[in-house]
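Biologist: I am new to this one. Please show me the structure, and then I will ask how its descriptions are justified.

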Amino acid sequence: MHAGSLEDFMVGANGEDEDKFEQTDGPFGFGYAVRVKADNQECLVKQNYESAGDCTKDPNICSKGFSVSIWEKADFSYDIFWTINNLQNEPKRYVLSTGGDEQGHPGIAIYHQGISLVAIVSTGDEYWKLEVYGPFHNSTWNNIGILWSRPQGENGGLEMHVNHRRVGTVYKGMASTRKSPLNPSELMIGCHKDSDNQLYRGYNDAEFDELALWKRSLLDNETMFFLGGYEGEMSFIDPEEYQVMLEKTDLKDSSQLVAAFKVLSLMDVASRPENATEEEAMNNTLRLQNVMASLTNPENIKQDLEVDDWVQFLDIIHATSNLLDDDSEDTWRVMEAKGKAGATEVARDFEGFYLDLLDKVSLEGKTELDYTKTSENIAARCEKTRIRDFVAAPTYVSPDYNQMKSLYSDWDRPTDKIYVPTNMFTDERCLEREVSILTVLYDTYDDVAPNRVSARTIPPSMPNYLDSRVLSVRVRGVPELDSQGRVIPSSPQCAPDPDALWRNPLKIILEHKVKEKALRRMLFHDEEPTTKINFRHCVRWNDRYQMWDGDGCRVEETTTTYTRCSCRGFGSFAIMVEEIEPIVAPEIPEGLIMVIKIGYIFSMICLLLYVLIVGLSGDLKDQHHLVGLNMAGCLFLGDLMMLLMYFLPIHEGRHNCTIVGSLIHGFFLAAGGWMAMMGHTAFKTITAGVIGGKLRAYFFLSWGITISSIGVTYISFLRHLGTDPRCFISWTNEVKGVFFVPQLGFCMAAVFFVCIVFFNLHTSHLRTGSILADYRSFSIGSSVLALYFCTTWAIGCAALIRWEDDMPNLYPIFEILNSFTGLVLLLSIGFGSRRFRMSISGQYKKKRQMLNDYRNKNDDTQPLGSPEDQPRPISAASTVIAQ
């Protein structure tokens, strides 16, 4: 049996009809309830209520037992606590009765006696009595449920549940002398009588709603039925259903609004339905935000709120705590992915509502109100005082941990604090006005809040996360209102002075959640601790741009455990960690790695061959090939370092990686310098006919710029060296820039020179035919080498520098081109040079011999030149053709 509307189901004990009873707001979502008053001897009764198989009128005939549930909202005075030592003399205030008692009258009874709640089930021959002290809150809707069955084995007996929590059990009954049950059977709410005394008595002052009876004893997993869908079902209620319930609720009614807060706090908003799509999850989250906006509408709260009522409205903190629980992170991330405000909007509505409550609560003649309301994840300190008293204090420190002792140990003894300057009110007309101060400390808000951060605080490419609790503080003068509750336009606003806050900023201490040192000092040795934290920033939530912003905040001190911030303005503050960017280099396919290894080995052989030929040949000691010799030597050593990376685990040791990276830096940058010098040599030879005299200057330019570049990395970027997984100088773009800026400068100079050379080959200032042929071929070869070298390192810059936009993996292409640079050098300025070919073929040796013979014989008829310049004998065929 279920009676949702007691006034329709029952009548008054003294003949009153339903219109005589006062209707009140029942538990949230259950419509109206009925109030009975003891002074008026009001009581609800139902005669002949039993249906087939029901046995509450006489439990002796119950084969499966029974269960009863009813909602009650009772008021008790504080004097009730003095009755605990004399309960037997206290009057009984009945909740429900069918005539059962300890004297042998069959039936059931539930009543209050002093501070105790008593349930009795009597079969006549035996009775079970269960007495529990103070199991529920005063002036609050509470569900009372009892279930009984005859003891069998280890099961049975009498159980009492209050608000879906078992509060007591009695297994063994007490003997009694059976008496007759009520006839006709009668169910009473708010009073009691038995078959021997038909006078109604034991009246109660309370509100009642939602009576339910079961013809069996409910199982353990069925006791949620006692709540009739109020709490047992609220954890599974859909946000859409809750929104519909709100539409039927008068939120301007204080009790209904408080009940709505409680229901929302019971909802399981963290879990996402198993088959729900992201769109459905986002819609649910939007509904929850709309719900919070409805519940926190300041129009729901009247002006001049009494403190007792004000404390009840603070219960919305439990709903907010539930919504911002770290278990709901996935739900809010769906919202954030769609570009919505997310959890920050819930926190904003909550804090705005609390400030409005502070503005409207009356101090009732007191000079100060200081109250801390706590929940599982939030602690909010609300203070209201006169501005004169606030300014007189040296500083304002919050939170007050003495008022939140229950959370102090649960939160692992937090040390977060904020120091608010008190000299922010500069208008003397405001001294007698009141100020509202709200400080909210969130324990899990950092888990569900967005991680979006201003680009001027942390570069977008760098990973980040919140590394502290979120501490919010808001201070505002209470507006002066007229009799209709409107702000008086002529009254001063009494807002904090921004200039005063700029001169005396807030000091905030926030405890780190990750106890690691930030990388603000040099970490270069293997035995030093490693960390993923690059910097810690003090940030404040920017509600306009929906992101964390470090503007107006600075770090005064940071340690392993906390950071002290200085911020000019109010809001929600936290510590934002800028992580070291994950170091993940793109992989090279195994097949290409083999090609690259062969390329480096083959190039090193070619470079070594070129170096030996030029170094050992006396005919190639001109400036052009000596420049090529230096470049070949740099390339050989650079290729050797690159090749070692593929055969040795150099990247596993920071120091080894730094050494090899510096050598790569030096040899390839010097090679680029000699490439530019080679272009300049060809340029001067073709355009001015200068073929020597610059080698010393070239040496100092190439190696001087190279050594300076390496020095800059050690002086300014030592802690970044050796961090690249390929050991190419560093993972950091700024350090690589120290290499690529001069390297690309060398390449552009080389390309500029070879372009001029190419267009002036036919107008060279060299007039001697043999010399022009020698250096023209070298200039062409150096032009080809310069274009190849510069193309390689242009691709290398694109491959090794990390760009914000997605780039294709160019590193394998760069490696292949770089690995064959030695081969290109040998073919272009080696075999591509006429002088080089003549030297290795012995032509220059014959030429020197002819010159020596000429000098010895002093024969002016002997033609000069190289052996290639001598006239060839005319064959007989040629003579015939000529004739």
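**Sheet and cores**

Modeller: This is a predicted model. One open sheet has five strands in the order β19-β20-β24-β28-β27, with antiparallel pairing.

Biologist: What makes β19 and β27 edge strands?

Modeller: β19 (396–398) and β27 (553–558) each have a single partner strand, so one side of each has no neighbour in the sheet. From one strand to the next, the twist averages 20°.

Biologist: How do you know that β24 and β28 pair?

Modeller: Pairing requires at least two bridges between two strands. Six bridges join β24 (residues 506–511) to β28 (residues 562–567), and the two run antiparallel. By that cut-off they pair. One of the bridges links E511 with Y562 of β28.

Biologist: Why is helix α20 called largely enclosed?

Modeller: Buried means under 20% relative accessible area. Eight of the ten residues of α20 (residues 821–830) are buried, so the rest of the structure largely encloses this helix. Among the buried ones are T821, V824, L825 and I829.

Biologist: Which residues touch the most other members of the largest nonpolar core?

Modeller: They are M631, W793 and L825, in a core of 66 residues. Helices that each supply at least two residues of this core include α14 (623–647), α18 (769–800) and α20. α15 gives the most, with 13 residues.

Biologist: What is M631 in contact with, leaving aside its neighbours within four places in sequence?

Modeller: Contact means heavy atoms within 4.5 Å. The partners of M631 are A671, W674, M675, M678, L785, F789 and L825. Apart from this core lies another, of 58 residues, among them C382 and W548.

Methods: Residues numbered from 1 in each chain as written. Predicted model: local features only at pLDDT ≥ 70, side-chain atom pairs only at ≥ 80, totals over all residues. Heavy atoms only, no water. Buried < 20%, exposed > 50% of the residue type's maximum accessible area, 1.4 Å probe, protein only. Helix = DSSP H or I, 4+ residues; strand = E, 2+ residues; numbered from the N terminus. Core = buried A, V, L, I, M, F, W, Y, C linked by side-chain atoms within 4.5 Å. Axes fitted to C-alpha atoms, helices over the stretch in contact; angles between N-to-C directions.
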